[in-house]
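Look through the sequence and the structure shown here before you begin the exercises, and try each task yourself before you read its solution.

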Amino acid sequence: MHRAGDCIPEGEEGNVNSEVGESVQRLPQKDLVLSGFHVPAGTYLDLNPYLWLLNDMYFNDPLVLHPERWLRDTAGTLAVDPYILNPFSIGTRMCAGRRFAEQDLYVGLCRLLLKYRLEATDNSPPRQEWSVLLKPKTPLPIRFIARE
Ligand code: HEM
């Protein structure tokens, strides 16, 4: 069984399905040069993680569920760029509740899996819709089977 710590990033911001839509917005107060592009002050910037999370320049098989991609090797190095997963953003204005949110996700997932076995009822990718965050458009195709 994969650790919750590998499965959560796989669903959290990437690959296959994500709950994070446009995660970080900025309104620069000064002119900027970003990757060689001149960005005038006052230009609304909206980072869309789908552009890199579903990009095979950064991930092998980005559309395939593959939680092992988040494992570290023996030298502690991730197979993917550690800065590529930033659903909570990075830097001084990053999410103040990150550790609370992660703790809830890990504990919630572990408690759920202790009580239920999950079974896919349909293997096609669920569709999503945007509503501040991304949410499932149709009921999730998962059957919960109570453990004895
Ligand atoms: C999965 C759950 C969550 C996600 C994905 C998330 C993500 C984010 C993101 C992307 C930002 C903007 C960071 C930026 O602009 O650089 C943010 C800000 C913030 N979040 Fe969260 N968040 C989550 C849960 C929470 C929880 C549970 C709390 C409180 C307990 C919280 C408190 C905050 C606060 C206070 C800020 C503003 C930080 C600042 O502007 O300095 N978040 N969050």
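The exercises below go from the whole chain to the ligand and then to a single residue, and they concern a predicted model.

**Exercise 1.** Describe the secondary structure of the protein chain and the order in which its elements occur.

Solution. Begin with the inventory, which gives three helices and eight strands in the protein chain. Then read along the sequence, where these elements follow the pattern α-β-β-β-β-α-α-β-β-β-β.

**Exercise 2.** State what share of the protein chain counts as buried, and what share of its contacts join residues at least 24 apart.

Solution. For burial, take the 148 residues of the protein chain, of which 7% count as buried. For the contacts, consider those between residues at least 6 apart in sequence; among these, 53% join residues at least 24 apart.

**Exercise 3.** Which residues come nearest to the ligand, and how is the shell around the ligand divided by residue character?

Solution. Of the 13 residues around the ligand, the nearest are Ser89, Cys95, Ala96, Gly97 and Ala101. Sorted by character, the residues of the shell comprise nine nonpolar, three polar and one charged.

**Exercise 4.** Is Cys95 buried, exposed or partly exposed, and why?

Solution. First locate Cys95, which lies in the loop between helix H2 (50-53) and helix H3 (98-115). Next count its surroundings: Cys95 is partly exposed because 16 other C-beta atoms lie within 10 Å, whereas a buried residue would need 20 or more and an exposed one would have 12 or fewer. Leaving aside residues up to four places away in sequence, Cys95 touches Phe88 and Ser89. Finally, turn to the record, in which an unreviewed UniProt entry places the feature "binding site" at Cys95.

Methods
Residues are numbered from 1 along each chain as its sequence is written. This is a predicted model: local features need pLDDT of at least 70, side-chain atom pairs count only at pLDDT 80 or more; totals for chains, interfaces and linings use all residues. A residue is near a molecule or strand if its C-beta atom, placed from the backbone, lies within 6 Å of it. Ala, Val, Leu, Ile, Met, Phe, Trp, Tyr, Cys and Pro count as nonpolar, Asp, Glu, Lys and Arg as charged, and the others, Gly among them, as polar. UniProt positions are given in the numbering used here, feature names are shortened, and annotations may be inferred rather than shown by experiment. Helices (H or I, at least four residues) and strands (E, at least two) are DSSP runs, numbered from the N terminus. Two residues are in contact if their C-beta atoms, placed from the backbone, lie within 7 Å.
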